[in-house]
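Colleague: Please walk me through the labels on this model, and tell me what each one rests on.

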Amino acid sequence: MTWEPHIFKDLHQIPREEHVFPGTPLCAGCGGLESLRLASKVLGSNVVYVNAAGCFTNLAAFPFTPLDASWLYTTMGSAPAGAQGVRDALDVLIAKGRLPKEEDVKVVVLGGDGSTYDMALSSTSGAITRKLDFYYFCYDNEAYGNTGVQLSPATPYGARTATSPCAVRHPAGTMQEKKDIFEIWRAHKPPYIATVSPRYPLDLEEKFARAAQYSGPKLFLAFAACPTGWLFDPAYTPDVAKLAVECGIWPLKEAINGEVVHTYLPKRQPVEHYLKLQGRFRHLFEPTVQTDAIAHIQERVNTYWRDVT
Amino acid sequence: MLSIRFHGRGGQGAKTASRIVGTAAFLEGFTAQDSPIYGAERRGAPVAAFTRIAKKPIRERGLIARPDLVVVADASLIGDPSARVLDGVDERTVLFVNSPLTPDQLRARTSVSGRLTVLDLTDLALKQFGKRGAISALLGAVAGRLAGLRPESIREAIVRELTDLGLTAPVIERNQALAMQCFEAVQPVTLEPGPRAPVPSAQLRTPTYDPPTRGTAGITAGPNSAIRSVSGWRTFRPVLRPDLCNGCWLCFASCPEGAITIKPDGKPAVYYPHCKGCLDCVEVCPTDAMTVEREPEGANK
Ligand SMILES: Cc1ncc(C[n+]2csc(CCOP(=O)(O)OP(=O)(O)O)c2C)c(N)n1
Ligand code: SF4
């Protein structure tokens with residue numbers, strides 16, 4: 001079955017109105033910010049963002065904020081719990097007639113992969129189980145970025161981080177496989193889950209627009225190419241994001257009530273094209289080519305697509 | 001004891017430069033200390049790093065408030081109050097600035113005075129490497145020269161520090177070679193370390209709060225970050241050639257900052273105070289209508 005966008009078919013449909021404004025101290029070329037800006041164009045300004053500590057902490061550096069929405073800052077492990085509190089408060093206020101229903105706002109969690117895959121996982125699981133009506137936006141830069149790029153459960157095999165360097169005993173760098181958070185979320189059967197990439201802006205906008213019709217947990221995993229942590233020139237953020245999808249490493253998909261549909265079927269270029277752009281994989285190519293490690297990464301991608309198509 | 005303070009933008013290599021100087025001094029038998037400021041530093045945002053060199057054990061810790069030598073990787077930082085480049089600088093302090101301007105031009109355009117050395121490292125690196133990138137080895141070599149360190153130890157320190165960062169031998173050799181050129185290009189100076197006037201202690205003020213019955217502290221303004229200019233972050237700027245633009249809006253969709261707006265005629269326009277110079281728009285443009293220009297130095301960006 002091929003997936004068709006219903007709403008966003010042309011780039012000129014992307015709303016011109018901004019909801020995440022310039023002037024943040026986030027890195028030049030931040031792929032996470034790029035996704036958030038696009039998402040916010042659909043989410044609008046009637047939003048409370050509940051932000052787990054991470055790079056996005058820097059969004060709102062007092063006394064400045066780039067958001068025309070509200071922002072609540074939480075610890076790394078508790079953003080979904082914070083979202084529950086905000087949602088409950090809104091519900092109570094509406095029930096008591098102290099807040100008109102039209103003034104209700106969306107509750108949106110912002111979390112890096114460190115919180116999402118690791119520290120806030122139990123809190124997220126609880127929120128999904130309780131069918132909390134919220135959005136979860138994870139910008140996945142595949143490391144604990146804000147503290148200097150340490151290994152997280154989202155770091156893929158073969159990447160170099162501050163705590164998984166290329167070393168004699170593990171020349172490929174990171175030895176673990178990236179945790180499949182999509183499937184962990186899906187096991188909870190929330191109404192809507194999607195992966196997105198800012199280099200596929202129509203796919204991204206469409207998914208946020210679609211999710212809006214579901215009440216309950218709506219979970220998004222956004223590919224966040226990170227020039228600082230992945231060691232590439234910020235100009236290549238779009239190329240890294242594109243090749244992640246085109247090489248089959250970052251599948252674009254959604255799951256509605258647990259039913260998975262791939263929203264884009266890449267022709268699947270060799271993974272080298274993606275790896276070679278980034279300094280975090282340089283040790284796989286220089287000084288000697290680590291053929292086995294690269295083949296392993298390719299094999300994982302092949303297996304994924306064999307199993308889903 | 002010699003106190004060296006480095007100022008740069010995240011990604012330029014100020015932190016690594018401080019390590020190169022520290023390591024080189026250590027190799028020459030000195031006691032050395034090097035450390036960057038930690039403050040969730042982003043690529044492009046102001047960063048600082050510190051190196052102390054002495055014959056005896058160093059007891060002092062923390063930031064360097066009274067530097068003997070200040071190394072500035074990006075001249076646009078001088079005018080940025082948050083970077084505090086000139087804090088604690090007095091008539092004995094030697095200042096190195098990476099800039100295409102002459103010392104006199106720099107003095108005229110900024111508040112810099114006193115003992116100033118200037119060299120355009122960015123241009124040298126661009127010519128040599130063909131693309132923008134960190135200039136840590138060059139900064140380290142210049143700082144080492146001004147600090148009176150030997151070329152051999154700086155070469156060795158560059159190898160050690162860049163190897164640590166995962167760079168390969170050919171890249172390190174190219175960096176070493178260019179670093180040595182910079183070493184030669186800078187005239188040695190006599191630094192005048194020694195006791196300096198202490199920094200006056202800050203006057204603390206107790207903040208006043210409204211009583212909780214009136215409201216809690218919070219930002220109730222709209223999206224006010226847009227009043228801040230991020231122009232200083234750029235070393236290059238995207239420049240649109242409207243004749244080549246087909247109005248596809250890819251650049252507008254891809255700008256992480258939202259620095260590109262759409263004009264009434266449907267064509268994009270870059271608003272420079274909001275542009276950090278990531279050049280993502282240049283990369284996505286299908287018709288090469290977005291071109292790249294090196295940021296004019298000292299201009300009012
Ligand atoms: C409980 C706890 N441990 C450690 C920290 C320090 N800390 C702040 S941000 C951060 C990194 C977060 O990583 P991630 O969630 O991946 O987001 P990113 O920084 O990559 O955006 C850490 C470890 C913290 N704030 N709270
Ligand atoms: S470290 Fe990476 S994810 Fe964090 S702000 Fe910078 S580019 Fe974005």
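Modeller: Let's begin with handedness: a crossing is left-handed if the near helix is turned anticlockwise from the far one by less than a right angle, and right-handed if clockwise. The model is predicted, so local features need pLDDT of at least 70 and side-chain atom pairs pLDDT 80 or more, while totals for chains, interfaces and linings use all residues. Residues count from 1 along each chain as written, chains are lettered from A and ligands numbered from 1 in written order, and side-chain values use heavy atoms, without hydrogens or water.

Colleague: Which hand does the crossing of helix 4 and helix 5 of chain B have?

Modeller: That crossing is right-handed, so by the rule the near helix is turned clockwise from the far one. Helices here are DSSP runs of H or I with at least four residues, strands are runs of E with at least two, and both are numbered from the N terminus.

Colleague: What makes helix 4 and helix 5 of chain B roughly antiparallel?

Modeller: Their packing angle is about 150°, with the axes 10 Å apart. Axes are lines fitted to C-alpha atoms, for helices over the stretch in contact, and angles run from 0 to 180 degrees between N-to-C directions. Under 35 degrees is roughly parallel, over 145 roughly antiparallel, 65 to 115 roughly perpendicular, and the rest oblique. The value of about 150° is over 145, so the pair counts as roughly antiparallel.

Colleague: Why are helix 1 and helix 5 of chain B called oblique?

Modeller: Helix 1 (residues 14-27) and helix 5 (residues 151-164) of chain B cross at roughly 130°, their axes coming within 8 Å. That angle fits none of the named ranges, and the two helices are therefore oblique to each other. Helix 1 of chain B also passes helix 5 of chain B in a right-handed crossing.

Colleague: Which residues bring helix 4 of chain B against helix 6 of chain B?

Modeller: Contact means heavy atoms within 4.5 Å. Among those that meet are B:Leu138 and B:Val142 in helix 4 of chain B, and B:Leu178 and B:Phe183 in helix 6 of chain B. The residues of this contact divide into eight nonpolar, two polar and two charged. Ala, Val, Leu, Ile, Met, Phe, Trp, Tyr, Cys and Pro are nonpolar, Asp, Glu, Lys and Arg charged, and the others, Gly among them, polar. The axes come within 8 Å and cross at roughly 35°, and this crossing is right-handed.

Colleague: Why is the site of ligand 2 described as shared between chains?

Modeller: A residue is near a molecule or strand if one of its heavy atoms lies within 4 Å of it. The residues around ligand 2 include A:Cys27, A:Cys30 and B:Arg42. Chains A and B both supply residues, so the site is shared. By class, the shell has six nonpolar, two polar and one charged residues.

Colleague: What makes A:Cys55 a polar contact of ligand 1?

Modeller: A polar contact is a pair of N or O atoms within 3.5 Å; within protein, one must be able to donate a hydrogen and the other to accept it, and residues adjacent in sequence count only through side-chain atoms on both sides. A backbone N or O atom of A:Cys55 lies 2.8 Å from an oxygen atom of ligand 1, so the pair qualifies. Polar backbone atoms of A:Ser115, at 3.0 Å, and A:Ala143, at 2.9 Å, also face an oxygen atom of ligand 1.

Colleague: What stands out about the backbone at A:Val149?

Modeller: A:Val149 is not a glycine, yet its phi is positive, about 65°.
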